[in-house]
Amino acid sequence: MNRRTLLSTAAASIVGSTLASSAFAAAHGGTVKVGFIFVGPIGDGGWTFEHNRARLALEEKFGDKVETVYQESVPEGADAERAITQMALSGCNLIFTTSFGYMDPTINVAAKFPDVKFEHATGFKRADNVGVYSARFYEGRAIQGHIAGKMTKTNKIGYIASFPIPEVIRGINSAYIHAKKANPDVEFSVIWAYTWFDPAKESDAARALIENGADVILQHTDSTAPQAAAQEAGNVITFGQASDMSEYAPMPRVSSIIDNWTPYYIDRVQAVMDGTWQSDDTWNGIGTGMVGIGEISSAVPEDVKAEALALKDSIGSGAYHPFTGPLNKQDGSVWLAEGETAPDGDLLGLSFYVEGLTGDIPN
Amino acid sequence: MDLSSINPILLIASIMISATPILLAAIGEMVVEKAGVLNLGVEGMMITGAVVGFATAVSTGSPALGFMAAALAAAVLSLSFGILTQILLSNQVATGLGLTLVGLGLSALIGKPYEGMKTPTMAKLDIPILGDIPVLGRMLFSHDPMVYVSLFLVLAVWAVLKYTRAGLILRAVGESHDAAHALGYKVIRIRMMAIFFGGACAGLGGAYLSLVRVPQWTEGMTAGSGWIALAIVVFASWRAERVLIGAYLFGGVTVLQLNLQAAGVKVPVEILSMSPYLITILVLVIISARGAHGAPASLGRPFHASS
């Protein structure tokens with residue numbers, strides 16, 4: 001065999017095996033390779049921890065029929081594109097990119113790999129092979145806001161925000177609306193940490209808020225560091241973010257929002273196996289269980305707990321929408337009229353504070 | 001705008017705490033670089049120190065033991081870098097990056113059982129007379145001992161490098177290893193000791209994160225502080241007193257911008273967040289323009305006695 005035939009044979013067999021493997025997966029419902037891009041380490045105890053838990057559940061459910069790979073701590077931005085491309089090249093049939101900042105990289109890579117399916121969490125850009133999914137975390141925030149408003153003694157609530165994106169802004173608004181309803185005197189101070197995961201910075205942010213008088217800390221960052229800072233300070237309550245964080249219960253962690261991705265991931269992998277996968281837009285909340293409310297601890301008085309649970313039930317059943325008018329924007333202009341609920345379109349692009357919140361949202 | 005809710009006493013105290021991990025790591029790395037070795041594995045050594053310190057403190061109940069174990073573990077890890085680069089003459093940049101990756105992976109593995117656990121934290125020192133001074137006492141003299149250890153280390157490094165024979169030899173090795181070798185100094189041995197010291201300091205810095213500043217173990221918790229420590233050494237143009245300034249500036253801006261936000265002051269967050277990095281770049285431009293950047297002349301160059 002001379003060199004040229006050797007090379008062409010090699011090339012043919014590589015092409016052949018790639019084609020064969022994808023054809024096999026599609027035609028026979030054989031092994032589906034599922035990739036995950038994570039923004040933090042799987043041991044962050046919050047956001048990435050829950051996505052990874054769902055990944056493990058996939059392996060348990062499908063056994064040999066599914067192979068999963070993941071990459072941790074992928075920076076949002078240009079490097080994400082490299083990581084996603086690599087995953088697509090390695091033969092993944094379905095790739096979950098699990099942070100907002102992967103939106104454009106996912107769309108770019110998806111255009112180059114039309115046969116690979118992509119699922120992007122918390123974004124709003126779709127393509128034929130890119131679906132988006134998110135959870136209505138703001139429903140959980142409403143319950144946190146209610147408990148926070150009832151429990152605060154200094155009337156100051158601290159909020160550690162990550163990036164100024166609609167998802168985070170929805171959370172702040174929802175928590176504020178319900179804290180204000182429970183206690184008209186509450187004030188919110190919001191710190192933009194510009195990170196999803198940096199325990200030292202999250203801890204510093206929590207301390208700064210506590211030193212400024214806050215006795216309730218809400219966080220939209222992924223680590224348990226603010227919980228530790230609150231515990232050290234003593235009379236400060238917190239809520240588990242993305243995961244239960246029950247190791248800090250009953251104080252400072254008095255409840256939590258738990259992201260439960262497992263049913264969704266199983267559903268989507270099954271769809272790929274069956275060949276029925278289609279790009280879609282999923283946005284589920286308390287009703288379907290995608291947003292779970294962690295146990296309300298004994299540090300919360302019984303009546304407050306009962307109110308919180310009633311609120312949870314009414315949101316879950318669809319009887320109550322956390323963004324129900326009358327609501328004004330921060331500048332005083334009308335957003336929602338009496339009885340009107342916010343359409344999903346407004347919520348998906350939410351970029352303003354509601355009336356009463358102070359400070360500006362950074363651009 | 002309400003600046004009155006920021007308590008300057010607590011603010012300064014927070015800055016000191018926030019700066020201590022990077023100060024410890026940076027002063028160690030400065031000694032390493034003064035000896036002519038570029039160890040980019042600071043992040044890996046810090047996080048190893050963080051996990052070992054945390055694990056030891058949890059199992060023994062003593063944060064002091066935790067710090068010692070952290071220093072030792074990170075120093076031993078740095079010796080692997082030393083053996084590879086000094087004896088086997090591997091590329092320092094690549095080996096240093098490798099050390100970071102090893103440290104991150106190893107710490108995740110060791111730390112798995114310790115997630116969500118709580119540690120005994122270090123008691124604040126109660127310095128008799130100084131601690132009772134009205135404002136200054138709370139601000140400067142009521143921290144945990146490690147804050148003072150870090151300041152003492154800066155002073156010691158400065159004095160040793162400037163006034164002692166050992167410091168002179170270390171600097172000679174960093175400036176011209178061939179000349180130092182010709183004079184009969186054991187270049188490799190001296191560099192190994194410097195690497196060991198740098199590792200120990202980085203370990204202390206990491207343990208300060210997991211035992212005092214955060215305090216808990218979370219995978220990847222150093223989140224880039226090792227790289228900041230490396231930048232501070234350059235910022236300081238390899239001088240101990242400037243390392244102190246650099247670390248406090250970084251810590252200060254971080255804490256200050258969080259406090260300003262908490263107080264509801266309208267500040268452009270993005271600009272404040274990037275200001276330490278901007279200042280570092282500015283300093284680099286200035287020292288490059290002046291031509292005298294103060295880097296040890298043999299920094300990063302491999303040494304072999306036969307060459």
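**Figure 1. A:Tyr194, a partly exposed residue in a loop of chain A.** In this predicted model, A:Tyr194 has a relative accessible area of 23%, so it counts as partly exposed. The cut-off for buried is under 20%. The residue sits in the loop that runs between β7 (187-192) and α7 (199-211) of chain A. Have a look at the backbone here: phi is positive, about 50°, although A:Tyr194 is not a glycine.

**Figure 2. A:Thr122, a buried loop residue with positive phi.** Our next stop is the loop between β4 and β5 of chain A, where A:Thr122 is placed. A:Thr122 is not a glycine, yet its phi is positive at about 70°. With a relative accessibility of 9%, A:Thr122 counts as buried.

**Figure 3. Two cis peptide bonds in the loop between β9 and β10 of chain A.** A:Ala249 and A:Pro250 are linked by a cis peptide bond whose omega is about -5°. A:Pro250 lies in the loop between β9 (237-240) and β10 (253-259). A:Pro252 also has its place in the loop between β9 and β10, and the peptide bond leading to A:Pro252 from A:Met251 is cis, with omega near 5°.

**Figure 4. The surroundings of A:Gln227 in helix α8.** A:Gln227 belongs to helix α8 (residues 225-233) of chain A. Its relative accessibility is 0%, so A:Gln227 counts as buried. Leaving aside residues up to four places away in sequence, A:Gln227 touches A:Gln219, A:Thr238, A:Phe239, A:Gly240, A:Met245, A:Tyr248, A:Pro252 and A:Arg253. One of these partners, A:Pro252, is the proline that follows A:Met251 across a cis peptide bond. A:Arg207 is 20 residues from A:Gln227 along the chain, and their C-alpha atoms are separated by 10 Å.

**Figure 5. The buried and exposed sides of helix α4 in chain A.** Helix α4 covers residues 103-112, and its buried residues are A:Met103, A:Pro105, A:Thr106, A:Val109 and A:Ala110. Around the helix axis they cover an arc of only 160°, which places them on the same side of α4(A). The pattern is a familiar one: an α-helix has 3.6 residues a turn, so residues three or four places apart point the same way. What do the buried residues of α4(A) pack against? Their neighbours are α3 (78-89), β3 (94-97), β4 (117-121) and β5 (130-135) of chain A. On the face turned away from the buried side, you will find the exposed residues A:Ala111 and A:Lys112.

**Figure 6. B:Gly28 in helix α1 of chain B.** Moving over to chain B, we meet B:Gly28 in helix α1 (residues 8-34). B:Gly28 counts as buried because its relative accessibility is 0%. Not counting residues up to four places away in sequence, B:Gly28 touches B:Phe197, B:Gly198 and B:Cys201. B:Val157 is 129 residues from B:Gly28 in sequence, while the C-alpha to C-alpha distance is 8.9 Å.

**Figure 7. Chain A as the setting for the close-ups.** Chain A has 11 helices and 14 strands, and 57% of its 363 residues count as buried. Its radius of gyration is 22 Å, which agrees with the value near 21 Å for a compact globule of 363 residues. The C-alpha trace spans about 85 × 45 × 35 Å along the principal axes. Of the contacts between residues at least 6 apart in sequence, 64% join residues at least 24 apart.

How values were computed:
Residues numbered from 1 in each chain as written. Chains lettered and ligands numbered in written order. Predicted model: local features only at pLDDT ≥ 70, side-chain atom pairs only at ≥ 80, totals over all residues. Heavy atoms only, no water. Helix = DSSP H or I, 4+ residues; strand = E, 2+ residues; numbered from the N terminus. Rg over C-alpha atoms; globule rule 2.2 N^0.38 Å. Buried < 20%, exposed > 50% of the residue type's maximum accessible area, 1.4 Å probe, protein only. Contact = heavy atoms within 4.5 Å. Arc of directions from axis to C-beta.
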